[in-house]
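Hi everyone, thanks for making time for this. I'd like to walk you through one model, a few places at a time. Please have the viewer open and follow along.

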Amino acid sequence: MKKKIFSGVQPTGNLHLGNYLGAIKNFVDLNNDNQNECIFCVVDLHAITVNQNPKELKSNIHETIATFVASGIDPQKSIIFNQSQVSAHAEIAWILSCVARMGWLNRMTQFKEKAGKDKEKASIGLYSYPVLMAADILLYDSTHVPVGEDQKQHLELCRDIAQKFNNDFKVKDFFKVPEPLIKKEFSRIMSLKDGLKKMSKSEMSDFSRINLTDDKDQIINKIKKAKTDTLPLPSKIEELEKRPEAKNLIGIYSSLTNSTFQKSIDKFAGKNFSEFKDDLSDVVVDEISPISLKIKELLEDKVFLEKIVKDGHEKANEIASKKVKEIHKIMGF
Ligand code: AQP
């Protein structure tokens, strides 16, 4: 049985090393495995749960597609498309929002974090975002969803919604209950300025993240300025627990060198941060610079980028429309 893979990235600008190591790098590996059918979506309907400038959104959509391709996703093998172009996503999100329970959504920590103290002023879309995410996944009979650790809770909600729909309408296995694909180690990359906060596109300081469009000098400079502590690097994993910034940087190094925490710790034990940061800069530059250059090159060719999403849209729409017809029948519409 082929695995059906689905995942999305919001076109909210500043795609960063966290998005890459937590999600996109995984997408590329899945794309390269012929046992998989992959669909990667630019989730622009999710992006508008917070204010967006339409011009910037358009350019961020192009940048996200360019990032997918520059990172190594092959549009001939995988479907790449734009969520807003397939109207089934919004329609099925409505139906699923009549299945999901308020109590389930009230538990979502991402809403609490993103809405902050002013939750009365947050959009309804920000609150119901995980239901739209469930529609995205379930429309394509996805079996596996590669995401960063921060999306685990939303995926559990998606599974609950699928099971409740199947039970309520007595349609056993109609919606496939998807499995998360979350890397065990290094699944959450933290801010370079605060090891307790996740690296994020919307963080004000550009020095908190390595953007996938950063050039060599910017990467070196950001790593040089990354927050650390005054101690030398430890020799035991347990010692990292109280040192979040050191843990994060060693995690990034290990992830990029396909190594383990322990091996990286063994390599740098007792050394000072400036020595480690030189090596870290080298591996980040080696991985990210070619992607950054390729993104810039692809962004010059908007016709090519538009063609990718047009082709992807046709394929995605065909699959989704079939599922919508079946859902209509089940619902009695
Ligand atoms: N810091 C992170 N570490 C590991 N994985 C991460 N992801 C995001 N941040 C990290 C994963 O990247 C994928 C795409 O994320 P998204 O664009 O859909 O939205 P997000 O999770 O809300 O990303 P940001 O950067 O945190 O954006 P803002 O600042 O707008 O909230 C997802 O699979 C996610 O897990």
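Before the first stop, one definition: when I say that two residues are in contact, I mean that they have heavy atoms within 4.5 Å. And please keep in mind throughout that this is a predicted model.

Let's begin with A135. You'll find this residue in helix α7. Which residues does A135 contact, once its neighbours within four places in sequence are left aside? They are H89, I92, A93 and L96. Is A135 buried or exposed? With a relative accessible area of 0%, A135 falls under the 20% cut-off, so it counts as buried. For a sense of distance, pick T109, which is 26 residues away from A135 along the chain. The C-alpha atoms of A135 and T109 are separated by 20 Å.

Helix α7 leads us to the second largest pocket. Its volume comes out at about 420 Å³. There are 18 residues lining this pocket, and those closest to its centre are A93, S97, I124, G125 and S128. You may recognise A93, since it was one of the contacts of A135. Which elements give two or more residues to the lining? Those are α4, residues 88-97, then α5, residues 102-106, and α7, residues 124-138. Of the elements, α7 gives the most, with seven residues. For those of you who think about probes and chemistry, the lining by class has 13 nonpolar residues, four polar ones and one charged one.

Next, a helix pair. Helix α3, residues 54-71, packs against helix α13, residues 302-331. What is the angle between them? It is about 80°, with the axes 10 Å apart. Angles of 65 to 115 degrees count as roughly perpendicular, so that is the word for α3 and α13. On the α3 side, the residues involved are K58, H62, I65, A66 and V69. They meet K302, L305, E306, I308 and V309 of α13. By class, this contact between α3 and α13 has six nonpolar residues, one polar and three charged.

While we are on α13, have a look at K329, which sits in that helix too. K329 has a relative accessible area of 73%, and because the cut-off for exposed is over 50%, K329 counts as exposed. Its C-alpha is 30 Å from that of P146, and the two are 183 residues apart in sequence.

On to the loops. Just ahead of α3, in the loop that runs from α2 (44-47) to α3, is N51. At 81% relative accessibility, N51 is exposed. The C-alpha atoms of N51 and S123 are 9.3 Å apart, with their positions 72 residues apart along the chain.

Then comes the loop between β1 (3-9) and α1 (17-32), where both N14 and H16 lie. N14 is partly exposed, at 31% relative accessible area, whereas H16 is buried, at 3%. What does H16 touch beyond its neighbours within four places in sequence? The contacts are M199, S200, K201, R209, I210, N211 and L212. Taking S200 from that group, its C-alpha is 7.5 Å from that of H16, although the two are 184 residues apart along the chain.

Now for the backbone fans. Most residues other than glycine have a negative phi. N14 has a phi near 55°, which is positive, and N14 is not a glycine. K170 is another such case, with a positive phi of about 55°. K170 lies in the loop between α8 and β5 (179-181), and at 73% relative accessible area K170 is exposed.

Last stop, in the helix before that loop: N166, in α8, residues 152-168. Is N166 buried or exposed? N166 is buried, with a relative accessible area of 8%. Not counting residues up to four places away in sequence, N166 touches V171, K172, D173, F174 and F175.

That's my tour. I'm happy to go back to any of these places with you in the viewer.

Technical notes:
Residues numbered from 1 in each chain as written. Predicted model: local features only at pLDDT ≥ 70, side-chain atom pairs only at ≥ 80, totals over all residues. Heavy atoms only, no water. Helix = DSSP H or I, 4+ residues; strand = E, 2+ residues; numbered from the N terminus. Buried < 20%, exposed > 50% of the residue type's maximum accessible area, 1.4 Å probe, protein only. Axes fitted to C-alpha atoms, helices over the stretch in contact; angles between N-to-C directions. Parallel < 35°, antiparallel > 145°, perpendicular 65-115°, else oblique. Nonpolar A, V, L, I, M, F, W, Y, C, P; charged D, E, K, R; others polar. 1 Å grid on protein atoms, 1.4 Å probe; cavity = no way out; pocket = protein on both sides within 12 Å on 5 of 7 lines; lining within 4 Å. Points joined across faces, edges and corners; volume = space filled by probe spheres on them.
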